[in-house]
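Visitor: Could you walk me through how the labels on a model like this one are earned?

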Amino acid sequence: VAGKPQVISTWDTGLAANLGAWKVLSKGGRALDAVEAGVMVTEDSQNCCVGLGGNPDREGIVTLDACIMDDQFNCGSVAALERIKHPISVARRVMERTPHVMLVGEGAQQFAVAQGFPLEAQKLSPDAEKAYKEWLKTSQYKPVVNIENSGTRNTGPVGGANNHDTIAMLAQDVQGRLSGSCTTSGMGFKMRGRLGDSPLIGSGLFVDNAVGAAAATGQGEDVIRIAGAHTVVELMRQGMSPKAACKAAIERVARIKGDKAKDIQVCFIAISAQGQHGAFALQKGFSYAVCDAQNQQQLIQAEYLL
Ligand code: SD4
């Protein structure tokens with residue numbers, strides 16, 4: 001469906017990221033380029049949960065996960081990538097320049113370096129260093145709902161712009177093409193080697209241009225359990241609106257988790273091929289940013305189940 005370009009993304013950090021994407025979309029650019037440029041803004045910022053400034057794993061090492069998908073089922077992903085500033089761009093290179101979809105760990109880093117990405121110093125940001133030292137005092141893995149880290153990092157400007165989460169972004173360009181991206185340092189103080197949903201096509205992100213696109217944020221393990229983003233797209237295929245599909249997927253998570261649902265956050269965002277957008281969260285506190293020609297700085301509080 002050709003129409004009005006738009007981009008949506010997770011959390012309040014999505015506002016700045018959307019503007020990065022909008023620069024591409026507003027000039028008639030491709031959704032794929034927009035979702036890469038958009039989340040690069042967040043990867044560059046000092047965010048607790050995205051990019052090299054993110055919180056480390058329990059060994060004190062920052063490991064990054066990212067994936068990207070276009071309107072033709074092309075997709076690329078990197079996981080447990082260390083010392084590279086823009087994992088989303090490496091994911092795109094995996095998609096465009098390798099016969100594979102996913103590269104992990106050392107191999108992903110080797111590929112990134114061979115592609116000309118600089119190898120950054122293995123060093124925590126001052127905020128991450130502080131959070132890690134604090135975490136070491138108890139060494140307990142206890143993610144906090146809406147700040148998917150076991151240590152909080154309220155070091156950002158008023159409004160907490162720096163203490164939110166994984167960015168997942170979905171865009172539709174003027175030609176009606178959908179694409180999505182997702183990038184994260186994962187759950188803070190995770191076990192070494194742990195992957196969440198964010199680099200997994202079908203869990204953290206899924207795009208079917210004939211139906212719609214969806215992406216997730218929150219407790220990755222529980223997104224993977226229901227193959228989250230793919231589930232949302234399949235529910236849209238059955239006729240549900242983006243919001244209804246996100247809600248039905250959240251209800252599935254809640255059913256599976258039972259009493260434990262209150263201890264986690266899971267959130268989905270979605271866009272339909274017709275250009276409708278929606279979101280739904282398990283708990284209160286999830287917002288998503290929307291940007292189109294009418295409204296370049298809109299933050300919407302998602303409805304929630306519990
Ligand atoms: C993960 N889903 O690694 C990510 C974390 C996240 O908001 O989304 N935080 O499980």
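Guide: Sure, and let's begin with pairing: two strands pair if DSSP finds at least two bridges between them. Keep in mind that this is a predicted model.

Visitor: OK, what makes β1 and β11 a pair?

Guide: Five bridges join strand β1 to strand β11 (residues 287-292). The cut-off is at least two, so five bridges earn the label. The two strands run antiparallel, and Gln6 stands opposite Asp292 in β11.

Visitor: And how do you know that β1 pairs with β5?

Guide: By the bridge count again: β1 and strand β5 (residues 167-172) have four bridges, in the antiparallel sense. Over there, Ile8 stands opposite Leu170.

Visitor: Why is β1 called largely enclosed?

Guide: Because five of the five residues of β1 (residues 6-10) are buried. To be buried, a residue needs 20 or more other C-beta atoms within 10 Å of its own. Gln6, Ile8 and Thr10 point one way, Val7 and Ser9 the other way, and all are buried. That up-and-down pattern is no surprise, because side chains in a regular strand alternate between the two faces of the sheet.

Visitor: Does a helix get that treatment too, and what makes α3 largely enclosed?

Guide: Helix α3 (residues 87-97) has nine buried residues out of eleven, so the rest of the structure largely encloses α3. Among the buried ones are Ile88, Val90, Arg92 and Arg93. The buried residues of α3 pack against α2 (31-44), β2 (64-69), β3 (75-81), β4 (102-104), α4 (105-114) and β6.

Visitor: Let's try single residues. Why is Leu195 called buried?

Guide: Leu195 has 21 other C-beta atoms within 10 Å. Set that against the cut-off of 20 or more, and Leu195 counts as buried. Leu195 lies in the loop between β6 (178-184) and β7 (205-208). Leaving aside neighbours within four places in sequence, Leu195 is in contact with Asp65, Ala79 and Ala80.

Visitor: What makes Thr217 buried?

Guide: Thr217 has 34 other C-beta atoms within 10 Å, which passes the cut-off of 20 or more. Thr217 sits in strand β8 (residues 212-218). Beyond the neighbours within four places in sequence, the contacts of Thr217 include Thr10, Trp11 and Cys267. Leu195 and Thr217 are both covered by the "binding site" annotation in the unreviewed UniProt entry.

Visitor: What is the strand order in the open sheet that holds β8?

Guide: The order is β7-β8-β9-β10, with antiparallel pairing. β7 and β10 (277-281) are the edge strands, since each pairs on one side only. Four bridges join β7 to β8, and Asp208 stands opposite Gly212 in β8.

Visitor: Which helices pack there?

Guide: Helix α7 (residues 228-237) lies across β7, β8 and β9 (266-272), at about 145° to β8. Helix α8 (residues 242-257) packs on the sheet too, touching β8, β9 and β10.

Visitor: Last one: why are α7 and α8 called oblique to each other?

Guide: Their axes cross at roughly 130° and come within 8 Å. Roughly antiparallel takes an angle over 145, and roughly perpendicular covers 65 to 115. The crossing angle of roughly 130° fits neither class, so α7 and α8 are oblique. The residues that meet include Thr231 and Leu235 in α7, with Ala245 and Ala249 among those in α8.

Notes: Residues are numbered from 1 along each chain as its sequence is written. This is a predicted model: local features need pLDDT of at least 70, side-chain atom pairs count only at pLDDT 80 or more; totals for chains, interfaces and linings use all residues. UniProt positions are given in the numbering used here, feature names are shortened, and annotations may be inferred rather than shown by experiment. A residue is buried if 20 or more other C-beta atoms lie within 10 Å of its own, exposed if 12 or fewer, and partly exposed in between; C-beta atoms are placed from the backbone. Two residues are in contact if their C-beta atoms, placed from the backbone, lie within 7 Å. Axes are lines fitted to C-alpha atoms, for helices over the stretch in contact, and angles run from 0 to 180 degrees between N-to-C directions. Angles under 35 degrees count as roughly parallel, over 145 as roughly antiparallel, 65 to 115 as roughly perpendicular and the rest as oblique.
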